[in-house]
Amino acid sequence: MTLPPDPGPDTAPMIRLEGVRKSFGPKHVLRGVDLAIPRGSSMVIIGGSGTGKSVALKCILGLITPDAGRIEVDGQETGTARGAERDAFLARFGMLFQGGALFDSLPVWQNVAFRLLRGALKRPQAEAREIAIKKLRRVGLSPDVADLFPAELSGGMQKRVGLARAIAAEPEIIFFDEPTTGLDPIMAGVINELIREIVVEMGATAMTITHDMTSVRAIADDVAMLHDGVIQWTGPVAKMDESGDPYLDQFIHGRAEGPIEAVR
Amino acid sequence: MSALAPLGRLGRAVLVALAHVGRVTLFALSALGHMVRPPFYPREIGHALMNVGWLSLPVVGLTAIFTGGALALQIYAGGARFNAEAVVPQIVAIGMVRELGPVLVGLMIAARVTSSIAAEIATMKVTEQIDALVTLSTHPMKYLAAPRVLAALITVPLLVGVGDVIGIAGGYAVAVQNLGFNPAAYLKNTVDFLEPLDLISSLVKGAAFGLIAAVMGCYFGMNSGRGAQGVGRATKGSVEAAAVLILAANFILTGVFFSV
């Protein structure tokens, strides 16, 4: 067996998790997650509800502190930064939340330009608004929605605004938490397409968590399946169908019978 | 073993309560720390000043005017039993400024402001808006808690001041209209009787109650459980805690200022 060539710094993974564990009381959600997401690629994490996909994602962002293990972003261990250093760390990320998580006290454009209106990336208000409107256009929304409040928008529009906010400050890494949940199939398709286009054109590293297989095929370069607190299978999306892994097969074909118990 | 079980339960309850006190204290200190360290969010502070202060004026005014009026009637009726009807202006003034003004304003703020802060922040928590703030490099304590605590510290003493004046005015109106007091004499008696310490204690109580009201709203909101039930529990808990702590703080502060 020959050793693979030295990957060098440029092909080092953008995000690496090693032995990440997290329990909530007696419930062991993550039992040693190992995962590497290459720079500029789109990784989709699949798995049933309650398998810890969101927890893993929140551990990377530092919203949840893991009990054990190591998380690196661009070679730097996370979780140690404080103050301005942590702000700089977070400024590299954009995140689309499952329910949009738009600030309902702010109009749409201020949601999109949130990062550009305060803190280290602060711009003049007119410029921030201009960028917000540009990003809204990018996700297919007209400038008319800029002055509406999130509660006045439909679910699909809220998702798009969330997407515009996630990309407003041109992040290097974008997280998508269940981007198509609660949307009709056509709107889900539109969002999937947008995500794929945006990730490609920005050259960003993307991590998506979903259980929507259409989404997986539309967005993913690589797929990882989280089951029972560990990564059950990982590989390129093209190899997903002939993995031979009974857990993955059951999941992607949505069978009630199989090694994964339907009642959790 | 079983004989000691109740003692064990009591011990655990005390430990849980102490842990809560510790967490709330640390939370309050953190909010105060974020209040004085940049970055500041002027828009949020302005919004909080408006919501905590200005928009509370009607409820504070109405509470104070009715209380002042009722107080005048009671003191007149009670005083009549030993021919002391004439003390109405003095007792209304001292009652409003030292106790009823701060306590009633504090409780009204707990009802109006603490509940709205807790419900708003709890809803933000359950809809992941707090997580979203963090991912947008914005500290939730700085963006949500600090402006509200600052606004309460500034405006609640002012509201107490306004409540004191309106309460005395309520007493004055009832005394002059219904009880036959001379307007000029009523005002003179009121002004002559009050001492600077009365006013200082009133305003200090206002600041303390404002701090309690805002901190409880933020604390319960940020520690809310999931779902609609979580928001409901956080809101209820925040108002209960704020009201009880305001009354307890009032007792302590009255002791500090007036027990000779």
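## Exercises on a predicted two-chain model

Thr235(B) is placed in helix α9 (residues 227–258) of chain B, where helices (H or I, at least four residues) and strands (E, at least two) are DSSP runs numbered from the N terminus. This is a predicted model, in which local features need pLDDT of at least 70 and side-chain atom pairs count only at pLDDT 80 or more, while totals for chains, interfaces and linings use all residues. Residues are numbered from 1 along each chain as its sequence is written, chains are lettered from A and ligands numbered from 1 in the order in which they are written, and side-chain values use heavy atoms, with hydrogens and water left out.

**Exercise 1.** Determine whether Thr235(B) counts as buried or exposed, and find its contacts beyond four places in sequence.

*Solution.* Begin with the cut-offs: buried means under 20% relative accessible area, exposed over 50%, and partly exposed in between (1.4 Å probe, protein chains only). Thr235(B) has 17% relative accessibility and therefore counts as buried. Next, taking contact as heavy atoms within 4.5 Å and leaving aside neighbours within four places in sequence, one finds that Thr235(B) touches Ser115(B), Ala118(B) and Ala119(B).

**Exercise 2.** Compare the span of helix α3 of chain B with the expected one, and state what its buried residues pack against.

*Solution.* The expected span is 1.5 Å times one less than the number of residues. Helix α3 (residues 57–80) of chain B has 24 residues, and its first and last C-alpha atoms are 34 Å apart, close to the expected 34 Å. Its buried residues, among them Val60(B), Leu71(B) and Ile75(B), pack against α4 (88–126) and α6 (140–178) of chain B.

**Exercise 3.** Describe the interface between the two domains assigned in chain A.

*Solution.* First set the bounds, which come from an automatic or database domain assignment: domain 1 covers 15–92 + 172–255 and domain 2 covers 103–170 of chain A. Their C-alpha centres lie 25 Å apart, and 19 residues of domain 1 are in contact with 11 residues of domain 2. Then take the buried area, the accessible area (1.4 Å probe) that two parts lose on being put together, summed over both; here it is about 1,200 Å², with 65% given by carbon and sulfur atoms. Of the area that domain 1 of chain A buries against domain 2 of chain A, Leu194(A), Ile198(A) and Met202(A) supply 33%, more than any other three residues. Finally, count salt bridges (a side-chain nitrogen of Lys or Arg within 4 Å of a carboxyl oxygen of Asp or Glu): there are 2 between domain 1 and domain 2 of chain A.
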